[in-house]
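Student: I would like to learn how to read a model of two chains, from its confidence scores to its contacts. Could you take me through one case step by step?

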Number of protein chains: 2
Amino acid sequence: MNDTDRLRIQRRFELLQGDICAGLEQLDGSGRFSEDIWERPGGGGGRSRIIAGKLIEKGGVGFSAVHGVVPDKMATILQADVDEKFFATGVSIVLHPHNPWLPIIHMNVRYFEMDNGNYWFGGGIDLTPHYIFAEEAIHFHKQLKEICDRFEPDAYLKFKATADDYFYIPHRKETRGVGGIFFDHLKARDGMTKSQIEDFVFSVGNAFVSIYQNAVENNRDRAFIEEQIQWQRLRRGRYAEFNLVYDRGTKFGLETDGRAESILMSLPPLAAWEYNHQVQNGSLEQFTLEHLRKGIDWINYSLAD
Amino acid sequence: MNDTDRLRIQRRFELLQGDICAGLEQLDGSGRFSEDIWERPGGGGGRSRIIAGKLIEKGGVGFSAVHGVVPDKMATILQADVDEKFFATGVSIVLHPHNPWLPIIHMNVRYFEMDNGNYWFGGGIDLTPHYIFAEEAIHFHKQLKEICDRFEPDAYLKFKATADDYFYIPHRKETRGVGGIFFDHLKARDGMTKSQIEDFVFSVGNAFVSIYQNAVENNRDRAFIEEQIQWQRLRRGRYAEFNLVYDRGTKFGLETDGRAESILMSLPPLAAWEYNHQVQNGSLEQFTLEHLRKGIDWINYSLAD
């Protein structure tokens with residue numbers, strides 16, 4: 001346990017939330033974040049920030065720093081004893097854009113520490129386009145690779161594969177989107193200090209706004225029709241399915257009696273379910289479904305395909 | 001094991017699906033069911049019937065009769081060995097009406113049998129009004145009580161309490177709707193034959209159309225405004241949360257690699273999530289939220305309250 005580390009990391013996440021919100025307000029051009037401060041009965045609390053703007057239909061940027069005694073349901077996951085004390089802090093974001101041509105984006109960066117001195121960093125960033133455009137998926141992954149390459153040579157491939165596995169909807173046999181990077185249990189080891197890991201986690205966090213800016217700039221003013229809005233709503237339905245059925249953070253939060261409104265900030269403003277919806281051959285919708293699978297090497301993806 | 005029982009019960013469920021669909025088409029007045037026949041790779045299959053009409057925005061009436069070897073994930077729940085064989089058949093319904101003044105309704109009736117001779121019936125019927133009207137909740141429960149009273153004197157109270165416990169959303173601290181009846185593991189015991197239980201299950205099934213008819217007749221032509229549609233979508237969001245996070249049938253189906261489109265027929269056509277939505281004091285929305293709790297004695301509910 002290291003109180004200086006805790007406080008510094010918590011403070012950095014708090015500042016990161018502020019920076020990201022400021023950046024997103026600028027990117028949105030009209031929306032302003034409102035905020036809710038909440039307390040966790042068992043210890044700690046958070047600050048949930050919500051935006052509904054011109055670009056972003058529903059966005060949430062949450063910061064939390066919670067502590068307390070490890071709940072029963074967490075003990076196994078945390079490899080901890082039931083009476084041990086923990087501390088957890090981080091920033092979590094989901095943005096649902098109005099325009100169906102633009103992607104949903106998600107980021108989470110977090111730090112966890114047990115009173116026995118054990119700690120780790122975790123997080124990730126992934127993109128869920130309603131319509132997949134290869135150029136944008138490539139560009140998204142190249143930006144993530146660049147951040148990972150500065151950390152460790154094999155980090156991108158490892159974290160990309162973890163994201164492919166994690167953001168997968170088994171009952172739909174499709175990935176949630178074009179993936180990204182996902183990492184957990186990062187701690188000091190041979191040739192890697194805690195401070196280097198912290199730097200990596202914050203470089204992911206600090207890159208968020210520019211990554212989303214790049215993901216939306218080409219299509220933010222692209223016109224759309226009602227059919228494309230309906231497609232967006234169907235894809236958002238899948239997003240809700242993933243989050244409610246599989247997402248560990250969501251399940252963990254709900255099972256440990258977390259603040260439902262903050263945990264479920266990630267859910268879409270409006271989602272649709274149609275029985276057995278079919279897409280047309282050769283359509284953009286079909287292209288999208290064909291690219292919702294694991295193991296696509298977006299860095300070396302050939303646009304000639 | 002009793003092949004005659006199996007075949008008869010399966011056939012009765014198949015006929016029940018047909019009767020209910022015919023009744024619902026008449027009630028709807030314009031919609032017609034389409035159907036999908038599907039096969040289960042492990043054995044058996046089903047017939048999913050879907051309607052989109054004037055009254056019913058999205059409705060599904062599913063019949064299935066499946067058999068095979070007990071999957072790993074089922075063994076504990078079924079108190080069975082992994083290599084045992086099972087047979088399961090039943091009818092499952094969810095109707096989402098267009099008009100927000102009308103309730104969502106759900107019914108499930110099922111029969112389960114192991115090759116070792118163990119068997120049980122299960123099912124239930126529950127109502128999820130977007131707007132709760134006490135008179136209608138009372139009338140709904142009185143109809144269920146009448147059916148239960150013909151079966152066993154204490155059945156209604158027992159099955160009503162089970163429904164209250166089952167259709168509960170812990171993270172929202174609210175029930176899914178005004179409840180109904182829910183029962184499982186019904187088998188012959190002192191003073192109760194298998195055939196009497198079968199009769200009870202089919203009296204629940206056969207009452208479905210008239211129960212829904214009574215639940216919609218007062219308000220089916222009642223005008224509504226955009227705010228009420230948005231409230232309906234928010235309530236549908238909670239319905240999706242219950243089904244995806246807690247519903248045992250849904251989880252079981254998804255985990256055992258069931259047919260996703262049939263399992264998720266229950267999801268609403270369009271659902272909304274707003275961050276921290278608040279209702280006005282004294283509004284119908286507030287009345288609704290106040291009555292989404294366990295243990296309301298609808299039979300003796302005083303309208304003077």
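**Confidence, interface and local contacts**

Tutor: We begin with confidence, and in this predicted model chain A averages a pLDDT of 94, with 99% of the residues scoring at least 70. Where pLDDT is low, the predicted coordinates should not be read in detail. For the model as a whole, the scores are ipTM 0.95 and pTM 0.95.

Student: How many residues does each chain bring to the contact, and what area do chain A and chain B bury between them?

Tutor: An interface can be described by its residues and by the area lost when the two parts are put together. Here chain A gives 31 residues and chain B gives 31 residues, and the two chains bury about 2,700 Å² between them, of which 59% is on carbon and sulfur atoms. On the side of chain A, the residues that lose the most area to chain B are A:Glu261, A:Trp273 and A:Tyr275, which together make up 30% of what that side buries.

Student: Which polar features cross the interface of chain A and chain B, and how many salt bridges are found there?

Tutor: Across the interface there are 16 residue pairs in polar contact, counting pairs with both residues at pLDDT 80 or more, and the rule finds three salt bridges. A salt bridge joins B:Asp257 and A:Lys173, with the closest N and O atoms 3.4 Å apart.

Student: Which elements of chain A supply the side that touches chain B, and what is its make-up by class?

Tutor: At least two residues each come from β2 (44–51), α6 (226–246), α8 (260–263) and β10 (270–272) of chain A, and α6(A) supplies the largest share, six residues. By class, this side of chain A has 16 nonpolar, four polar and eleven charged residues.

Student: How do β10(A) and strand β10 of chain B run, and how many bridges join them?

Tutor: They run antiparallel and are joined by three bridges, the strand in chain B covering residues 270–272. Within this pairing, A:Ala272 stands opposite B:Leu270 in β10(B).

Student: Turning to salt bridges over all chains, how many does the structure hold, and why might one look at where the partners lie in sequence?

Tutor: The structure holds 49 salt bridges over all chains, and in one of them the side chains of A:Asp115 and A:Arg6 meet at 2.9 Å, N to O. A:Asp115 lies in the loop between β5 (103–114) and β6 (119–129) of chain A, whereas A:Arg6 lies in helix α1 (residues 3–28), so the pair ties together parts that are 109 residues apart in sequence.

Student: What does the side chain of A:Gln286 reach?

Tutor: A:Gln286, in helix α9 (residues 284–290) of chain A, reaches the backbone nitrogen of A:Gly282 with its side chain at 2.7 Å.

Conventions
Residues numbered from 1 in each chain as written. Chains lettered and ligands numbered in written order. Heavy atoms only, no water. Contact = heavy atoms within 4.5 Å. Buried area = accessible area lost by both parts, 1.4 Å probe. Salt bridge = Lys/Arg side-chain N within 4 Å of Asp/Glu carboxyl O. Polar contact = N/O pair within 3.5 Å; in protein donor to acceptor, adjacent residues only side chain to side chain. Helix = DSSP H or I, 4+ residues; strand = E, 2+ residues; numbered from the N terminus. Nonpolar A, V, L, I, M, F, W, Y, C, P; charged D, E, K, R; others polar. Pairing = 2+ DSSP bridges. pLDDT = per-residue confidence, 0-100.
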